[in-house]
Amino acid sequence: DRSSTPPRAVRMLAVAAAVLVAAAAFHVWSAAASNPDRDGRKRPPITVVTTGTGQRAAFRLADGTRVILGVASSLRYPAAFTGPSRDVSLSGEGYFEVAHDGGHPFRVHASGATVEDIGTSFGIRAYDTDSVVGVVVAEGIVSVSPVAALGQQHTRLHAGQRGRLGRGATAPTVDTVDVSASLAWTEGRLEFDATPLPEVLAELARWYDVRLRIGDPSLARRQLTASFASASRADVLSAIAAALDLRYARAGDTLVLVPAPHAR
């Protein structure tokens, strides 16, 4: 019974085809804020950039900060930064190369966490379905804190480190990561490192227009280590099936994963 053995892991590179984002495909919405600042000044309009399944977006904020927005994500930010700090709100995944301004800290608010730039480049992952907010620092330093603890309790992360802040946690756990692999999504690459199959399927749903479901509870224990560079949906699914001894059975508009016959 091969389903009781440890999950297999393989490395697959550059499968083929393309998962690319048309720059004009993402949605941009802008509207004037309805409430004035405390001093009575009118707030600048709020812009919301939203990407769909398989889409990424690259753009700059008014202060020159460069943003790459991941698949199925959104970023809210003011058309101009006029207050003492530069605040934006992220849902999903984003990468920020922050324009330095020591007098106006840059802060990203994401799913109960606040990430403050201290002259750096960093990525944040904060999908609504994730149990933790992940922060990976490419250059410089950031501080990470729960929203309720801003200014009172924060953890500093340096280049090459990752912080993972769980919902309700008072501080993130910190480890060292391969930054290139962790931020591979900014270049259109999917990277999995001993990733449980349920998490793999959730990520594939964001990158491809496909519904996936595990049809055998034993499969939830299997893990995938793989790299897909500009890969088509068909090639990715075929590679994963081969790597983890799976097959796909169609149920309406959903692909159900079950063990391959010889793996039972």
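The following exercises, each with a worked solution, introduce a predicted model of one protein chain.

**Exercise 1. Overall composition and confidence**

Establish how many helices and strands the protein chain has, what share of its residues is buried, and what the average pLDDT is.

Solution.
Step 1. The secondary structure of the protein chain amounts to three helices and 17 strands.
Step 2. The protein chain has 264 residues, and 44% of them count as buried.
Step 3. Contacts between residues at least 6 apart in sequence are considered next; 50% of these join residues at least 24 apart.
Step 4. The average pLDDT of the protein chain is 84, and 81% of the residues score at least 70. Over residues 1-25, however, the pLDDT is below 50. Beyond near neighbours in sequence, that stretch has 63 contacts in the model.

**Exercise 2. An open sheet and its helices**

Determine the strand order of the open sheet of three strands, and state which helices pack on or lie across its strands.

Solution.
Step 1. The order of the strands is 14-17-16, and the pairing is mixed.
Step 2. Strand 14 (211-214) and strand 16 (246-251) are the edge strands, since each pairs on one side only.
Step 3. On average, and with direction ignored, neighbouring strands of this sheet are turned by 35 degrees against each other.
Step 4. Strand 14 and strand 17 (residues 254-259) run parallel and are joined by four bridges. Within this pairing, R213 stands opposite V256 of strand 17.
Step 5. Helix 2 (residues 197-207) packs on the sheet and touches strand 14, strand 16 and strand 17. The direction of helix 2 makes about 170 degrees with that of strand 14.
Step 6. Helix 3 (residues 233-244) lies across strand 14, strand 16 and strand 17. Relative to strand 16, helix 3 runs at about 130 degrees.

**Exercise 3. Pairing around strand 11**

Identify the strands that pair with strand 11, and give a bridge partner from each pairing.

Solution.
Step 1. Strand 9 (residues 132-146) pairs with strand 11 (residues 161-166) in the antiparallel sense, over five bridges. Here G134 has R164 in strand 11 as its bridge partner.
Step 2. Strand 12 (residues 173-176) also pairs with strand 11 in the antiparallel sense, over four bridges. Here R162 has D175 in strand 12 as its bridge partner.
Step 3. Strand 11 and strand 12 form a hairpin, with six residues between them. In the turn, G168 has a positive phi of about 85 degrees.

**Exercise 4. Aromatic rings**

Count the aromatic pairs, and classify the pairs F81 with F106 and F192 with F228 by the angle between their planes.

Solution.
Step 1. The count comes to five aromatic pairs.
Step 2. The planes of F81 and F106 are at 70 degrees and the distance is 6.5 Å centre to centre; this pair is edge-to-face.
Step 3. F81 lies in the loop between strand 5 (74-78) and strand 6 (86-97), whereas F106 lies in strand 7 (residues 106-110). The pair links distant parts of the chain, 25 residues apart.
Step 4. F106 has a relative accessible area of 0% and is therefore buried, as the limit for buried is under 20%.
Step 5. The ring centres of F192 and F228 are 6.4 Å apart and their planes stand at 70 degrees, so this pair is edge-to-face; the class requires over 60 degrees.
Step 6. F192 belongs to strand 13 (residues 189-196) and F228 to strand 15 (residues 223-229), 36 residues apart. Both F192 and F228 are buried.
Step 7. Ring pairs also join F81, F96, F106 and F122 into a cluster.
Step 8. A charge over a ring completes the solution: R206 lies over the face of Y127, at 3.8 Å from the ring centre.

**Exercise 5. Two loop residues**

Decide whether R43 and E187 are buried, partly exposed or exposed, and locate each in the chain.

Solution.
Step 1. R43 is in the loop between strand 1 (27-31) and strand 2 (46-50).
Step 2. The relative accessibility of R43 is 38%, so R43 counts as partly exposed.
Step 3. R43 and P78 are 35 residues apart in sequence, and their C-alpha atoms are 8.4 Å apart in space.
Step 4. E187 is in the loop between helix 1 (179-182) and strand 13.
Step 5. The relative accessibility of E187 is 56%, so E187 counts as exposed; the limit is over 50%.
Step 6. E187 and S230 are 43 residues apart in sequence, with 9.0 Å from C-alpha to C-alpha.

Conventions: Residues are numbered from 1 along each chain as its sequence is written. This is a predicted model: local features need pLDDT of at least 70, side-chain atom pairs count only at pLDDT 80 or more; totals for chains, interfaces and linings use all residues. Side-chain values use heavy atoms; hydrogens and water are left out. Two strands pair if DSSP finds at least two bridges between them. Axes are lines fitted to C-alpha atoms, for helices over the stretch in contact, and angles run from 0 to 180 degrees between N-to-C directions. Contact means heavy atoms within 4.5 Å. Rings of Phe, Tyr and Trp (its six-membered ring) pair if their centres lie within 6.5 Å; planes under 30 degrees apart count as stacked, over 60 as edge-to-face and the rest as tilted. Buried means under 20% relative accessible area, exposed over 50%, partly exposed in between (1.4 Å probe, protein chains only). A charge sits over a ring if NZ of Lys or CZ of Arg is within 6 Å of the ring centre and within 35 degrees of the ring normal. pLDDT is the predictor's confidence in each residue, from 0 to 100.
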